[in-house]
Amino acid sequence: MKGIVFTEFLEMVEDKFGYAVVDDIISKSELPSNGSYTAVGTYSSHEMIQLVHNLHINSGIPLNVLYEVFGEYLFGSLNKAYGQMFNGITNAFDMFLAIEENIHVQVKKLYPDAELPHFEVSLIDENNLKMIYSSERKMGDLAVGLIKGCLAHYKEQATISKNQLSEDGKNVEFIITKTK
Ligand code: HEM
């Protein structure tokens, strides 16, 4: 998992919970990196899973809520870091339709070691879009947060319904329905 995901996560934790909590979750996790990350480095996704887990223990906030809130925050960070990839994309549905064929393809070119999910995206009609998420990392809740962050970025409103396609969390279907 790319370092930018870790640096942004720890920045968000520091902003929302304070440095003592950053210190606590790093010290309670078993981290081959020792908790020092650079944006361009690459680290095991197990480090992220442990950090989020320990934030859940520390704060009592449910895991899915933590992943979602982080996903919303991360979308803004990706926009700042990779603004040029957003060029020409003017609404949320266009972004969702571009992730698999364009955005994550560019990410993979930039970082051949990036571990990206697979998305199958189809437009049902002008107000409804279906996305099927598949990934060994089981981060469907992070995807929900990124979807919410994307809707907020384009100032759009929609509901997201989530349907687990497998019990292990590796395959999740989302239906995104515009509400205005
Ligand atoms: C709504 C839009 C998006 C969704 C739903 C989405 C979804 C995800 C998810 C769920 C992951 C975590 C890895 C996994 O689950 O296997 C991920 C990783 C990533 N995505 Fe996206 N993404 C979106 C847009 C973007 C954009 C706009 C960029 C950059 C311009 C981007 C760059 C990345 C990067 C750098 C990673 C980390 C890869 C790694 O750690 O190796 N994504 N994405």
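Visitor: Which kind of ligand atom lies 2.6 Å from a polar side-chain atom of serine 135?

Guide: In general, a polar contact is a pair of N or O atoms within 3.5 Å. Here, the partner of serine 135 is an oxygen atom of the ligand. This is a predicted model, in which local features need pLDDT of at least 70 and side-chain atom pairs pLDDT 80 or more, whereas totals for chains, interfaces and linings use all residues. Residues are numbered from 1 along each chain as its sequence is written, and side-chain values use heavy atoms, without hydrogens or water.

Visitor: What distances apply to histidine 104 and tyrosine 133?

Guide: Histidine 104 places a polar side-chain atom 3.1 Å from a ligand nitrogen atom. For tyrosine 133, a polar side-chain atom is 2.6 Å from a ligand oxygen atom.

Visitor: Which elements give two or more residues to the shell around the ligand?

Guide: Helices are DSSP runs of H or I with at least four residues, numbered from the N terminus. In this model, the elements are helix H5 (92-110) and helix H6 (140-153). H5 contributes the most, with six residues.

Visitor: How many residues are around the ligand, and which come nearest?

Guide: A residue counts as near if one of its heavy atoms lies within 4 Å. There are 27 such residues, and Lys2, His104, Glu115, Tyr133 and Ser135 come nearest. The shell comprises 22 nonpolar, two polar and three charged residues; Tyr counts as nonpolar, Lys and Glu as charged.

Visitor: Which domains does the protein chain have?

Guide: The domain assignment, automatic or from a database, gives domain 1 (3-61) and domain 2 (91-178). Their centres, taken over C-alpha atoms, are 23 Å apart. Four residues from domain 1 and four residues from domain 2 take part in the contact, meaning heavy atoms within 4.5 Å.

Note on methods
Polar contact = N/O pair within 3.5 Å; in protein donor to acceptor, adjacent residues only side chain to side chain.
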